[in-house]
Amino acid sequence: MGPRSTYKKHVLARGVSFISVAFILMIWTVSTHFKWVDPVFLPSPQSVWQTFLELLRDGYKGISLSSHILDSLYRLFIALILALFTAVPLGIFCGISKYVLAFFDPIIEFYRPLPPLAYYALLVLWLGIDDRSKVALLFLSAFAPLFLAAVASVQRVPQDRINAARSLGATKPKVLLYIILPSCLPDIITGLRTAIGVTYATLVAAEMVAATSGIGWMVLDASKYLRSDIVFVGIILMGGIAILMDSLIRLYQHLQFSWVGKQDS
């Protein structure tokens with residue numbers, strides 16, 4: 001398959017995505033124009049756009065829209081950075097040693113399926129109602145996907161690759177640094193994408209308790225007053241930011257790991 005054919009398929013896929021979005025907007029516009037759904041539950045695209053402009057100009061509850069977004073992103077990125085620098089090293093060592101994995105695996109597997117709100121009350125009790133409990137909740141949400149991705153990536157490193165490095169005189173630290181870690185990076189980046197999705201979905205729950213800012217808090221607060229237009233603005237903003245972050249990571253994957261999946265071709 002040549003570059004021209006690949007480019008055509010990429011453009012065609014983008015065109016299909018555009019048609020999909022346009023179709024949803026058309027259905028949304030038509031259904032609100034003919035009032036098939038009560039505007040309280042489904043505001044029109046025009047009213048949502050107007051509300052977005054008003055939020056840009058006046059903010060929400062005395063705080064600018066950009067501040068709400070930045071407050072949420074601050075909590076999100078702090079949690080992701082902490083998870084990245086703890087879950088990945090631990091996952092790599094667990095992938096190398098089955099005994100270390102046997103120690104940590106029951107702990108991870110116990111809390112991983114739990115809904116975030118199930119233990120959020122404990123985090124608030126232990127850490128207070130400020131950002132520490134919110135960051136802790138987001139950290140726990142991001143930790144498990146990154147840990148599992150790191151463990152699985154180490155276990156998938158071909159043993160022949162490790163044996164070849166050792167036969168050439170590489171020490172264990174060098175094997176870890178120059179063989180195992182580079183081989184794991186593509187899967188770790190994929191795990192990071194998963195972690196961002198899970199953590200982003202937990203953001204609203206993190207901002208439910210004693211928050212006064214944040215895009216998730218804004219959506220929850222607006223829903224109390226049946227301001228579905230503000231709710232839609234918040235949801236669209238959160239979705240757009242999530243798509244942007246995921247697109248940047250996918251671009252990095254494409255530029256740095258374009259060889260993935262082509263080793264045997």
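Me: Before we get going, how is a disulfide defined here, and how many does the count come to?

Reply: A disulfide is a pair of cysteine sulfur atoms within 2.5 Å. By this rule, the count is zero disulfides. One thing to keep in mind is that this is a predicted model, where local features need pLDDT of at least 70, side-chain atom pairs count only at pLDDT 80 or more, and totals for chains, interfaces and linings use all residues. Residues are numbered from 1 along each chain as its sequence is written, and side-chain values use heavy atoms, with hydrogens and water left out.

Me: Why is there no bond for C94?

Reply: Because the closest cysteine sulfur, in C184, is 13 Å from the sulfur of C94, too far for a bond. As for burial, buried means under 20% relative accessible area, exposed over 50%, and partly exposed in between, using a 1.4 Å probe and protein chains only. C94 has a relative accessible area of 1%, so it is buried. C184 is buried too, at 0%.

Me: Let's zoom out. How many helices and strands does the chain have?

Reply: Helices (H or I, at least four residues) and strands (E, at least two) are DSSP runs, numbered from the N terminus. This chain has 10 helices and zero strands. Its C-alpha trace spans about 70 × 55 × 30 Å along the principal axes, and buried residues make up 37% of the 265 residues.

Me: What share of the contacts comes from residues 24 or more positions apart?

Reply: Contact means heavy atoms within 4.5 Å. Of the contacts in the chain with a separation of 6 or more, 72% are between residues 24 or more positions apart.

Me: Can we look at a single residue? Where is R75 found, and is R75 buried or exposed?

Reply: R75 is found in helix 3 (residues 65-96), and with 6% relative accessibility it counts as buried. To read its partners, take a polar contact as a pair of N or O atoms within 3.5 Å; within protein, one must be able to donate a hydrogen and the other to accept it, and residues adjacent in sequence count only if both atoms are side-chain atoms. The side chains of R75 and E207 are joined by such a contact of 2.7 Å. The R75 side chain also reaches the backbone oxygen of S213 at 3.2 Å. Leaving aside neighbours within four places in sequence, the residues in contact with R75 include D131, K134, V135 and L138.

Me: And Y60, where does Y60 lie?

Reply: Y60 sits in the loop between helix 2 (45-58) and helix 3, and it is buried, with a relative accessible area of 9%. Its side chain makes a polar contact of 2.5 Å with the side chain of D221. The two residues are 161 residues apart along the chain, while their C-alpha atoms are separated by 10.0 Å. Beyond neighbours within four places, Y60 is in contact with residues including H68, W217, M218 and Y225.

Me: Last one: how do I read empty space, and which helix supplies the largest share of the lining of the largest pocket?

Reply: Rolling a probe the size of a water molecule over the atoms shows where empty space is left. A pocket, on a 1 Å grid over the protein atoms alone with a 1.4 Å probe, is an open set of points with protein on both sides within 12 Å along at least five of seven lines; lining residues have an atom within 4 Å of a point. The largest pocket holds about 530 Å³ of space. Of its 13 lining residues, the closest to the centre are V21, I236, G239, G240 and I243. Helix 10 supplies the largest share, seven residues.

How values were computed:
Points joined across faces, edges and corners; volume = space filled by probe spheres on them.
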